[in-house]
Amino acid sequence: MARDIRLHKSSICPAEPPGPSVFTDLPGPKTMELLEDLTQVTQAKSVRLFADYSKSIGNYLVDVDGNVFLDLLMQFSSLPLGYNHPSILNIFKDRKNLLSIANQPTLGAFPPSDYPESILFILMSIAPVGLCKVIPAVCDAVATENALKSAFITHKMKQRGKISFTQAEIESAMINLPPGSANVSILSFRGSFHGRTMGALSVSHAKYIHKMDIPAFNWPVASFPAYSYPLQQYNQENSREDERCLCEVEELIETFKKNDRPVAGIIIEPIQTVGGDNYASIYFFQKLQEITKQNSIPLIMDESNTGGGVTGKMWCHEHFSLPSPPDMVIFGKLAQVSGVYLKHEYM
Ligand SMILES: Cc1ncc(COP(=O)(O)O)c(C=O)c1O
C-alpha cells in the first residue's frame with residue numbers, strides 16, 4: 001500500500017513538500033500584519049491565514065510566513081485537484097478562456113460563440129440522469145435562489161393555467177404584496193445550509209450567526225434525522241427517527257397548505273456538511289421523494305458539497321436508488337462552476 005502511495009505521489013505532484021511544517025506561532029507575524037491592514041476597511045474575522053498561492057502545491061497550502069499545511073479539506077471542498085494543478089493552470093493559458101474572463105460577457109445577452117458548446121458538451125455531460133435543463137450561476141447560493149424561483153414560478157403557472165398575468169398581480173408584485181408576490185413557501189431541514197443570500201438564508205439553519213438580525217421568510221422547517229450510532233445496534237430507534245421526521249414533513253405540508261402558504265418545493269442536502277456531518281438513510285430519501293410526488297412538490301437536492309464525484313458517484317443522490325430522479329440538483333464547488341440542473345417542466 002505504501003509503495004502505491006509513493007508511486008501515485010511522484011507521478012502526479014513530484015514537487016510536493018515531504019510533509020507539513022510550522023515555523024512560527026499561529027497565526028504567523030506576516031499574517032497578523034496583513035490582517036491589521038485588511039481589518040481597517042472590511043470584516044476579516046474569519047481569516048485564518050494569508051496564503052502564498054505561488055508556493056502552495058498539491059495537497060499543501062503554504063502561508064505568507066512559510067508555514068506548510070496539509071490541506072485535508074481542499075479549502076472549503078472547492079479545490080478538486082489540489083493547489084496549482086497543471087491542468088487547471090493551463091485553462092488560464094488558453095487565449096479563448098482569457099478573453100472570456102477579461103471581457104466579462106453578459107451571458108444572457110452576449111455570450112461568446114463557444115458558449116452553447118460548453119453548456120451542451122461539458123456541463124450537460126455530467127448532468128444527473130433525467131435532468132435535461134441547466135441554469136448556470138455565479139455561485140452556489142445564487143444557484144439555490146434560481147432553484148427556489150423555478151419552484152415558485154412553476155407552482156404559480158400550474159395554478160394560473162395560462163401565461164398572462166392579471167392587472168392586480170402586476171400592480172401588487174411591484175410593491176411586494178400578494179397576489180403578485182406569491183404566498184408560497186419552501187420546506188427545508190434543521191441543520192441545513194444552502195447559502196448566504198436572502199432567500200437561501202431562509203432555508204438555511206446551520207448556524208444562528210449566519211441569520212441573526214436578517215429578516216427571513218416564515219417557512220416550514222422539518223427535522224433532519226439524527227441517528228444513534230453504531231447504526232446496526234440502533235436499527236429500531238433509527239427507523240423510528242426516520243418515521244418521526246417524515247411525519248413532520250407531511251404535517252408541515254398540510255399546515256402550510258391550510259394557512260394559505262402552500263409548500264412549493266422541498267430542499268435538502270444528501271449529506272449535511274456546514275450544519276454537521278449528518279447523514280440520512282436511503283429509506284428516508286426514498287420516502288421523502290414519495291411524499292413530494294404525492295403532493296406534486298419538486299424535490300430539490302443541494303449537491304453543492306456532495307456533487308462532482310466526491311462520494312464515489314458523480315452525484316450523491318445516486319446512492320439512494322430513488323425510483324425517479326430528483327426534480328432539481330444544485331451543483332458547484334468541486335464542479336468549479338455553479339448552477340442548477342432541472343427537469344424540463346421547471347424551466
Ligand atoms: C450545501 C451548500 N449549498 C450552498 C452553499 C453556498 O455556496 P456559495 O458560497 O458558493 O454561494 C454552500 C456553501 O458552503 C453549501 O455548503
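Select Ile186 and Gly265: Gly265, in strand S6, is the bridge partner of Ile186. Now widen the selection to strand S4 (residues 185-189) and strand S6 (residues 263-268), which run parallel and are joined by three bridges. Helices (H or I, at least four residues) and strands (E, at least two) are DSSP runs, numbered from the N terminus.

The model on the screen is predicted, with local features requiring pLDDT of at least 70 and side-chain atom pairs pLDDT 80 or more, while totals for chains, interfaces and linings use all residues. Residues are numbered from 1 along each chain as its sequence is written, and side-chain values use heavy atoms, leaving out hydrogens and water.

**The sheet**

Next, display the open sheet of seven strands, whose order is S3-S11-S10-S9-S6-S4-S5 with mixed pairing; two strands pair if DSSP finds at least two bridges between them. Strand S3 (133-137) and strand S5 (221-222) are at the edges, and each has a single partner strand, so one side of each is left without a neighbour in the sheet. Add helix H6 (residues 115-123), which packs on the sheet and touches S3, strand S10 (328-331) and strand S11 (338-342); contact means heavy atoms within 4.5 Å. The direction of H6 makes about 115° with that of S3, where axes are lines fitted to C-alpha atoms, for helices over the stretch in contact, and angles run from 0 to 180 degrees between N-to-C directions.

**The ligand**

Select the ligand and the residues around it (a heavy atom within 4 Å). Among them are Cys139, Asp140, Phe193, His194, Asp302, Asn305 and Lys333. The shell divides into four nonpolar, four polar and four charged residues; Ala, Val, Leu, Ile, Met, Phe, Trp, Tyr, Cys and Pro count as nonpolar, Asp, Glu, Lys and Arg as charged, and the others, Gly among them, as polar.

Which atoms of the ligand and of Asp302 should be examined? A nitrogen atom of the ligand is 2.7 Å from an N or O atom in the side chain of Asp302. An oxygen atom of the ligand is 2.7 Å from an N or O atom in the side chain of Asn305.

**Two loops**

Turn to Leu26 and Pro27, which are joined by a cis peptide bond with omega near -10°. Pro27 belongs to the loop between helix H1 (2-12) and helix H2 (29-39). Finally, select Tyr229 and Pro230, where the peptide bond is also cis, with omega about 0°. Pro230 is in the loop between S5 and helix H11 (235-258).

Key. Polar contact = N/O pair within 3.5 Å; in protein donor to acceptor, adjacent residues only side chain to side chain.
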